[in-house]
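Me: I'm in my first year and still learning to read protein models. Could you take a close look at one part with me and explain it in plain words?

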Amino acid sequence: MGNVDFATGAPLRSGTVPVRPYIDADYYEAERKRVFGRCWLNLAREEELPAPGDYLVKDLEVLETQVLLVRGDDQQIRAFHNVCLHRGNRLARDRCGNARGFMCNFHGWVYDTKGQLRELPDEDQFPHLDPEKIALKSLACHIWNGFVFVNADPEPQTSLAQFLGEMNGAFDGFPFADMQLTAFYHAEVNANWKLVGDALQEAYHAPILHRQTVADAVAGPDNPHCHLASMRLHGDHHGLSVHGNLHHQPTPIEQIAFDYSASPIYPAPAAPSDSQAPGVNPRRESAWIFDINVLFPNFHLDPSGTWYGTYHLWPLAVDRTRWEFRIYMNPPKNAGDMVAQEYTKVFGRFVQREDLSTVEATHEMLRSGALTELHLSAQEMPLLHSLEVLESYMQGRP
Amino acid sequence: MIQRLPSAYVDLEPLAAEWSLPTEPQRAQRHQMARYAELELLYSTLLPRMPALLDDLNQKTFDTYDDADRRLLWLALSFVEAAVAVERFQCSDMPPGAFEAERFHIGEKVGV
Ligand code: FES
Ligand SMILES: [Fe+2]
């Protein structure tokens, strides 16, 4: 179980990784430009901007900017730096809304939803400017399976499709658009963004850290160390399938949740089906709960059969991260279904608080300098892979 | 205004007065400030009632709910909070060392 990379058939690797990338301020400064300044970053779901004129403002602290996402009259979603071209004031002041355009509240320059300058008060006094040629500073913006990605590189080195590589078709047919945002949790965590992400891309910790919560649902007598059901490396990204314990004895509330949910919910085993997206539990393991897909650098897309979760790890500083977790499910059909979904949410909150419980202490101890390297098991190969990909960007790979 | 539950559940009125809260952040906050004995009482009272309660509510679609139905549903959702506390942690929050509830934010405006 889980002893080969399913994508390539290569054996899993264990090894050591350096501590420096997690704690070093210079490394972090370089990471901001070489990784976050160049990679495609997920900012939103398309459903958050259903109608022309709908907009969202997203903080991108790691690049010291704010992104304005807006759907134009032509239905296209575009991304702009939220800055007025006149003298640099912040343009949109609300976090979200619907607008026919954006007026800067300093001197009244007005832009349309495609970013074009539409009104230039006292235009005669700007003889050096051709208003027709003025448009907001844009970021490359593309959509994949309804996920809105941006790239802050003025000349992106890859298209979004190239960047995603083998991940591209993996979710074809997954009903993302049928599901709705059911829960949103966020926290500011005093740890490096990679430490937070690492805690969410291996299952080795489940029997210990989660012993009071999800341990028995994911690890049982047949898999005491919670080995992954399968693992695959896809270019810069990777996917893992988390084992489910088919002998798990539900607690009383779990039994109610499993009995009354309209479709399998976390942490119930999810029966694989042939119509399932090809990249979701690709080995069609029956003892399976959900997958973890890490889309480099900071976006996790974790689908099960009938729900999915996302994580975003947004760096705020070398030792601070905004952690965001969202759960998407089918709209609840009735009260029983809603109570079942509530169980997934409440239980999930406590599992998440266990996951977040170690990373701040880990960061503090790594900062001591006592360790220069960390040891990873073959089951923790995703962490190794993420660091190798990171290092390739840090070396300035084309 | 007098709040009411559907007639088969009027005996739960004292619990509803404490726990029938419309949003997840409100229920979580109530959970956080509860004494453990309150969570145990909510759990032990509701657990045997849940199947009938859900069967009853499942007779209706959400758009036909009246205020009493909604209050009963919110009470059932708070029961979930109590269930996780009692079944998993045997305390009103989590053991020391967990990521603090005060720093763990629950998004508003999500759900029905
Ligand atoms: S800075 Fe925006 S109009 Fe002057
Ligand atoms: Fe975990």
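In which loop of chain A does Pro267(A) lie? Please start there, and then take me on to the salt bridges.

Reply: Happy to help! Please keep in mind that this is a predicted model. Pro267(A) sits in the loop of chain A that runs between helix α7 (252-260) and strand β15 (288-295). Look at the bond leading into this proline: the peptide bond from Tyr266(A) to Pro267(A) is cis, with omega near 0°.

Now follow the chain to the other end of β15. Pro297(A) is found in the loop between β15 and β16 (299-303) of chain A. Here, too, there is a cis peptide bond, joining Phe296(A) and Pro297(A), and its omega is about 0°.

Backbone angles can catch the eye elsewhere as well. Asp122(A) has a positive phi, near 60°, although the residue is not a glycine. Asp122(A) belongs to the loop between β9 (117-119) and β10 (138-144) of chain A. Because its relative accessibility is 55%, Asp122(A) counts as exposed. In chain B, Gln90(B) also has a positive phi without being glycine, this time near 50°. Its loop lies between α5 (67-89) and β1 (105-106) of chain B. With 48% relative accessibility, Gln90(B) counts as partly exposed.

Now for the salt bridges. Side chains with opposite charges can pair when their charged atoms come close. Over all chains, the structure holds 33 salt bridges.

One of them joins Arg32(A) and Glu29(A), at 2.7 Å from N to O. These two residues are three apart in helix α2 (residues 25-36) of chain A, so about one helical turn separates them. Arg32(A) is buried, at 14% relative accessible area, whereas Glu29(A) is partly exposed, at 35%.

Another salt bridge links Asp112(A) to Arg118(A), with 2.8 Å between the closest N and O atoms. Asp112(A) is buried because its relative accessibility is 13%, while Arg118(A) is exposed at 56%.

For a third example, try Lys133(A) and Asp130(A), whose side chains meet in a salt bridge at 3.8 Å, N to O. Lys133(A) is exposed at 70% relative accessibility, and Asp130(A) is partly exposed at 35%.

Finally, have a look at a group that brings in both chains. Glu342(A), Lys345(A) and Arg349(A) are linked with Glu24(B), Arg27(B) and Glu81(B) in a network of salt bridges.

Conventions. Residues are numbered from 1 along each chain as its sequence is written. Chains are lettered from A and ligands numbered from 1 in the order in which they are written. This is a predicted model: local features need pLDDT of at least 70, side-chain atom pairs count only at pLDDT 80 or more; totals for chains, interfaces and linings use all residues. Side-chain values use heavy atoms; hydrogens and water are left out. Helices (H or I, at least four residues) and strands (E, at least two) are DSSP runs, numbered from the N terminus. Buried means under 20% relative accessible area, exposed over 50%, partly exposed in between (1.4 Å probe, protein chains only). A salt bridge is a side-chain nitrogen of Lys or Arg within 4 Å of a carboxyl oxygen of Asp or Glu.
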